[in-house]
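Open the model in your viewer and keep the sequence panel beside it. The tour below goes stop by stop, saying what to select and what is there.

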Amino acid sequence: KASLNALKEEKAKTEEQAKELRSNMLGKVEGFGAMLEEMKKSLDVLEEKQNKDELMRTEMKTRHMAVVQRTIIDEVPQKWKGIATYLEFELNKIEIVGAKKNDKEKCYEMLAEWLKHAKGSGELPRTLKSLHNALVDRDCRPEADKLVEEVKRMMK
């Protein structure tokens, strides 16, 4: 009988310890859940900021293309091939672009390819400088200067 009572006491003690352990674990799980929820909120805020940043970058790229288009396509489309050559376009790309109907289309296509490369490299300011130099090299200094002024105005 004494060992039966000892076993019952041991069982009760073990059950109490298990209950206390379960309670502690639930508290930790709830704390972990709250921590995960806070992390999720932080990630959502970060993702929203990244989306806004990407939207701003896209808007700037669009504005750059509009500036380039107004300055070059509308003013010196007939010089597209010389500009492409200065910007080190591959001959096969120049030939593909050359298949377009008119000089404005050719110039637009060449500049779209150039801008795609410039955006992909992440070095748009440096490539804008290259475009400026290409224009100057092709006797288009007024258009090159206009490009610089347009970009400066846009950046304000």
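Where in the chain is D139 found? Select D139: the residue sits in the loop between α5 and α6. The model is a predicted one, so treat each value as computed from it.

**Stop 1: two loop residues**

Stay on D139 and look at its backbone. D139 is not a glycine, yet its phi is positive, at about 60°. Its relative accessibility is 67%, so D139 counts as exposed, the cut-off being over 50%.

Now select E88, in the loop between α2 and α3. E88 is not a glycine either, and has a positive phi of about 65°. With a relative accessible area of 69%, E88 is exposed.

**Stop 2: the whole chain**

Zoom out and colour by secondary structure. The chain has six helices and zero strands, giving the pattern α-α-α-α-α-α when read along the sequence. Of the 156 residues in the chain, 24% are buried.

Switch on a surface. The chain exposes about 11,500 Å², and carbon and sulfur atoms supply 55% of that area.

Contacts can be sorted by how far apart the partners are in sequence. Taking the contacts with a separation of 6 or more, 66% are between residues 24 or more positions apart.

**Stop 3: the nonpolar core**

Hide the surface and select I72, I83, M110, L111, W114, L131 and L135. These are the residues with the most contacts inside the largest nonpolar core, which has 25 residues. The elements that give two or more residues to this core are α1 (2-73), α2 (80-86), α3 (91-98), α4 (103-121), α5 (124-137) and α6 (141-155). Helix α4 provides the largest share, five residues. In soluble globular proteins, nonpolar side chains tend to be buried together.

Which residues are in contact with I83, leaving aside its neighbours within four places in sequence? Select I83 and show what surrounds it: the partners are I72, V76, M110, L131, A134, L135 and R138.

**Stop 4: from M110 to K93**

M110, one of the core residues with the most contacts, leads to the next selection. Pick K93, in helix α3, and draw a distance between the two C-alpha atoms. K93 and M110 are 17 residues apart in sequence, and the C-alpha to C-alpha distance is 8.5 Å. K93 has 35% relative accessibility and counts as partly exposed.

**Stop 5: a buried charge**

Move to E143, in helix α6. Is E143 buried or exposed? E143 is buried, and has no salt bridge. The nearest side chain of opposite charge belongs to K79, 7.2 Å away. A salt bridge would need a side-chain nitrogen within 4 Å of a carboxyl oxygen, so K79 at 7.2 Å does not form one with E143.

Show the surroundings of E143 as well. Apart from neighbours within four places in sequence, E143 is in contact with T71, E75, V76 and L135. Two of these names were met earlier: V76 and L135 are also among the contacts of I83.

**Stop 6: a nonpolar patch on the surface**

For the last stop, bring the surface back and select F32, M35, L36 and M39. Together they form a nonpolar patch on the surface, with about 400 Å² of accessible area. Centre the view on F32, which lies in helix α1. F32 has a relative accessible area of 47%, so it is partly exposed, a class that runs from 20% to 50%.

Definitions and conventions. Residues are numbered from 1 along each chain as its sequence is written. This is a predicted model: local features need pLDDT of at least 70, side-chain atom pairs count only at pLDDT 80 or more; totals for chains, interfaces and linings use all residues. Side-chain values use heavy atoms; hydrogens and water are left out. A nonpolar core is a set of buried Ala, Val, Leu, Ile, Met, Phe, Trp, Tyr and Cys residues joined through side-chain atoms within 4.5 Å. Buried means under 20% relative accessible area, exposed over 50%, partly exposed in between (1.4 Å probe, protein chains only). Helices (H or I, at least four residues) and strands (E, at least two) are DSSP runs, numbered from the N terminus. Contact means heavy atoms within 4.5 Å. Accessible areas come from the Shrake-Rupley method with a 1.4 Å probe; for residues, only the protein chains shown count as cover. Patches are made of residues with over 30% relative accessible area and no salt bridge: like charges are joined within 9 Å, nonpolar side chains (Val, Leu, Ile, Met, Phe, Trp, Tyr) within 5 Å. Lys and Arg count as positive and Asp and Glu as negative; His and the chain ends are not counted.
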